[in-house]
Every structure is written in structure tokens, then in C-alpha cells.
Amino acid sequence: MPITMKGDYPDEIGEIGAERDALMNDAMDSIMPPLDKPINAKVLNALAKAINAVSKIMGIEVEVEQYDEATTLDDDVARFLMMMSTAAEDYGKPFPVALDAIRGDAEITAITAHLMDLARDPKFKSFLEEPMEGETEIKVEVRRDRDDDEEMEEEEEDFDFASRM
């Protein structure tokens with residue numbers, strides 16, 4: 001179930017994202033070791049629904065594809081689970097299974113149920129919308145000077161960079 005962000009992005013952003021994804025994949029391998037066996041398609045489809053539900057309360061539009069056969073976790077799914085595990089822990093309701101303890105269907109099912117509970121929790125949505133301590137906001141103003149060239153000025157203020165992402 002590759003998770004696809006909706007929207008058009010400049011090529012430079014895509015290249016930077018690909019570099020960051022490679023770094024995250026290396027980190028993920030140390031946090032979430034490879035699974036013992038493929039995950040059942042029904043379990044993965046339930047996880048896809050849970051990811052879609054949680055991403056909606058986060059204000060993220062994602063496309064989640066359905067599975068036709070058993071397979072391992074996609075890198076995008078693993079990254080999302082890492083992000084949500086941190087958010088759930090910060091909220092005070094950590095995942096029922098540590099990410100490094102995932103071995104198969106049972107653990108994914110427990111995490112899926114937990115994600116659905118978080119998606120239905122209005123306090124969790126409010127928690128995600130709260131600014132994190134120490135965040136910095138960058139305000140960008142575009143002005144035209146006499147030569148009609150655009151200049152950008154940056155001022156530091158409190159920044160809510162996609163809240164808890």
C-alpha cells in the first residue's frame with residue numbers, strides 16, 4: 001500500500017524527499033527489523049483503512065492502495081507507523097506493540113485497532129493541532145522592488161511546520 005501524497009511538487013523537492021527517504025529507510029531498518037513472514041492481505045487492508053483515518057485527522061490527504069495478496073510492509077507504511085508511534089507515545093497512549101516487536105499479523109492487527117481508536121479520539125486530534133514546544137515559525141513576505149524583481153524576507157516567529165510531522 002504505497003502512501004501517495006496528493007499535490008504537485010517541484011522536482012527539487014522530490015529529489016530532497018528521495019534523499020531523506022533513503023536516510024529514513026536506513027534508520028527504519030534499525031527500528032523495525034524485517035518481518036518473519038508476509039502479512040495477510042486482509043490485515044494490510046485494515047491497516048490501510050486505519051492509516052487513511054488517522055491521516056485525515058492530521059490534515060494529510062493520502063491515497064492508500066488495497067492489497068490483493070500477502071506481502072511485507074511498504075517503506076512508506078513503516079515510516080507512517082514510526083511517525084504515529086511517536087505521536088501516540090507523546091499523547092500518552094503508546095502503541096500496544098513496540099515497532100521492533102512486530103513479527104506478523106497479530107501485531108499489525110493490534111496496532112491497526114489502536115490507530116482506529118486514535119482516529120476516533122477528538123482529544124488526539126486536538127493534541128496533534130497543538131504547537132510543539134520550541135517550534136519556530138518562519139514568515140516569508142514577497143515584495144516587489146523598483147526593478148520588479150521578487151525579494152523574499154524571512155522573519156523568525158513561532159512555526160507550526162505541519163504540526164507534529
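# Exercises on helix packing and salt bridges

The crossing of helices α3 and α4 is left-handed. The exercises below concern a predicted model.

**Exercise 1.** Determine how the axes of α3 and α4 are oriented relative to one another, and state which residues make the contact.

*Solution.* Two packed helices are described by the angle between their axes and the distance between the axes. Helix α3 covers residues 75-91 and helix α4 covers residues 105-120. Their axes come within 12 Å and cross at roughly 60°. Angles of 65 to 115 degrees would count as roughly perpendicular, and those under 35 degrees as roughly parallel. The arrangement of α3 to α4 is therefore oblique. On the α3 side, the contact is made by Leu 81, Met 84, Ala 88 and Tyr 91; on the α4 side, by Ile 111, His 114, Leu 115 and Leu 118. Sorted by class, this contact comprises seven nonpolar residues, one polar residue and no charged residues.

**Exercise 2.** Identify the salt bridge that links two loops, and classify the accessibility of both partners.

*Solution.* Side chains of opposite charge can pair when their charged atoms come close. In this structure there are three salt bridges. One of them joins Lys 93 and Asp 121, with an N to O distance of 3.5 Å. Lys 93 belongs to the loop between α3 and α4, and Asp 121 to the loop between α4 and α5 (122-129), so the pair ties together parts that are 28 residues apart in sequence. Buried means under 20% relative accessible area. Asp 121, at 12%, is therefore buried, whereas Lys 93, at 40%, counts as partly exposed.

**Exercise 3.** For the salt bridges Arg 79 with Asp 76 and Asp 117 with Arg 120, give the closest N and O distance, the placement in the helix and the accessibility of each residue.

*Solution.* Consider α3 to begin with. The closest N and O atoms of Arg 79 and Asp 76 are 2.4 Å apart. These residues are three apart in helix α3, and thus separated by about one helical turn. Arg 79 is buried, its relative accessible area being 14%, while Asp 76 is partly exposed at 24%.

Turn next to α4. Between Asp 117 and Arg 120 the closest N and O atoms are 3.0 Å apart. Asp 117 and Arg 120 also stand three residues apart, here in helix α4, which means a separation of about one helical turn. Asp 117 counts as partly exposed at 46% relative accessibility. Exposed means over 50%, so Arg 120, at 57%, is exposed.

Key: Residues are numbered from 1 along each chain as its sequence is written. This is a predicted model: local features need pLDDT of at least 70, side-chain atom pairs count only at pLDDT 80 or more; totals for chains, interfaces and linings use all residues. Side-chain values use heavy atoms; hydrogens and water are left out. Axes are lines fitted to C-alpha atoms, for helices over the stretch in contact, and angles run from 0 to 180 degrees between N-to-C directions. Helices (H or I, at least four residues) and strands (E, at least two) are DSSP runs, numbered from the N terminus. Angles under 35 degrees count as roughly parallel, over 145 as roughly antiparallel, 65 to 115 as roughly perpendicular and the rest as oblique. A crossing is left-handed if the near helix is turned anticlockwise from the far one by less than a right angle, and right-handed if clockwise. Contact means heavy atoms within 4.5 Å. Ala, Val, Leu, Ile, Met, Phe, Trp, Tyr, Cys and Pro count as nonpolar, Asp, Glu, Lys and Arg as charged, and the others, Gly among them, as polar. A salt bridge is a side-chain nitrogen of Lys or Arg within 4 Å of a carboxyl oxygen of Asp or Glu. Buried means under 20% relative accessible area, exposed over 50%, partly exposed in between (1.4 Å probe, protein chains only).
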